[in-house]
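Trainee: I am new to this structure and would like a close look at a single part. Please take me through it step by step.

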Amino acid sequence: MPENRNVPLGFSPDGRGTVCIDTHRVLDCCRDRDCFEDTRVYLTDFGEQTLASATSVRTRSAELLWAYVGVDEVPFNRGFYQVTVRYYILVECEACLGIGRSQNFTGIAVVEKDVILYGGEGQTVSFSSAPQNNYCNIGNFNTRATNDPIAYVETVEPVVLNTKVVEPGCCKCPVNETAEIPENIRARVNGDLRFITDGPRLYISFGVFSVIKIVRPAQLLVQATDYSVPDKECVPAGSDDNPCALFKNMAFPVNQFRATVGQPPEPPRRPGCGCGGRDDGPRRD
């Protein structure tokens with residue numbers, strides 16, 4: 001049935017043409033710099049004992065282990081979605097226990113933020129073929145898919161802004177200050193985390209740069225060029241080459257010696273970078 005074909009699509013004799021691709025289309029995105037001030041760090045028994053005996057504490061490093069990203073539709077505002085991002089941060093601290101004595105210990109911090117982004121509308125359901133399925137035997141029901149929006153978060157390692165120890169009995173400390181931490185995150189520290197303690201507590205302020213975007217499955221028409229065999233021949237890797245000669249042919253890594261790359265980020269010109277009207281002030285976990 002040639003009359004049912006999409007004539008404008010396809011390649012011309014020279015290998016060029018317009019094709020339809022199935023991909024994810026970015027509907028909305030924003031960038032943000034969050035200051036999570038005085039975030040509780042959960043420690044193990046060893047960390048609690050070390051903190052109680054320390055004369056001073058500093059944070060050596062902070063590593064982003066994982067981030068939960070959830071998308072929920074905003075009621076009475078069709079097309080908009082609330083994106084919830086929960087960061088799990090592994091921190092390594094160093095405690096001074098006396099003159100010339102120091103001890104390292106680790107802990108887990110949890111911070112969370114919410115933004116509002118436009119994710120469009122659509123409630124289509126799609127099905128795909130699976131090799132294990134046939135006409136008389138349906139063995140896999142995971143071929144059903146929807147075009148619900150998907151959120152992505154891009155970030156860098158957290159910046160440690162401040163570290164402080166709060167002694168027990170401080171009125172600022174909630175009595176039952178706890179957080180839900182998955183088992184795979186807890187396994188990154190040696191020992192069980194203590195959420196409720198009568199001893200001193202460790203608080204760290206983090207700075208996090210992030211880019212959040214929301215996408216939806218879409219079909220797009222793009223200009224494409226058919227794949228061609230490359231003209232460049234493969235060069236074998238010889239073991240008899242002079243290593244100094246190979247080193248001289250390497251490009252000098254100029255960017256690695258620069259203190260900064262590119263221009264410094266501009267301060268936000270509107271509250272919350274368009275993320276639901278929130279300001280860029282200090283935020284608590």
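Is Tyr88 buried or exposed, and what is its relative accessible area?

Mentor: Keep in mind that this is a predicted model. Tyr88 has a relative accessible area of 2%, and buried means under 20%, so Tyr88 is buried. Its ring partner is Trp66, and the two ring centres are 5.7 Å apart. The planes of Trp66 and Tyr88 stand at 20 degrees; planes under 30 degrees apart count as stacked, so this pair is stacked. The pair links distant parts of the chain, 22 residues apart. Trp66 belongs to strand 3 (residues 56–73), whereas Tyr88 belongs to strand 4 (residues 80–98). Unlike Tyr88, which is buried, Trp66 has 39% relative accessibility and therefore counts as partly exposed.

The structure holds three aromatic pairs, and another of them also involves strand 4. In that pair, Phe80 and Tyr118 have their centres 5.3 Å apart, with 70 degrees between the planes. Planes over 60 degrees apart count as edge-to-face, and the pair of Phe80 and Tyr118 is described that way. Phe80 lies in strand 4 and Tyr118 in strand 5 (residues 101–118), so the pair ties together parts 38 residues apart in sequence. Phe80 is partly exposed, at a relative accessible area of 29%. Tyr118 is partly exposed too, at 34%.

In short, strand 4 holds Tyr88, stacked with Trp66 of strand 3, and Phe80, paired with Tyr118 of strand 5.

Technical notes
Residues numbered from 1 in each chain as written. Predicted model: local features only at pLDDT ≥ 70, side-chain atom pairs only at ≥ 80, totals over all residues. Heavy atoms only, no water. Phe/Tyr/Trp six-rings, centres within 6.5 Å; stacked < 30°, edge-to-face > 60°. Helix = DSSP H or I, 4+ residues; strand = E, 2+ residues; numbered from the N terminus. Buried < 20%, exposed > 50% of the residue type's maximum accessible area, 1.4 Å probe, protein only.
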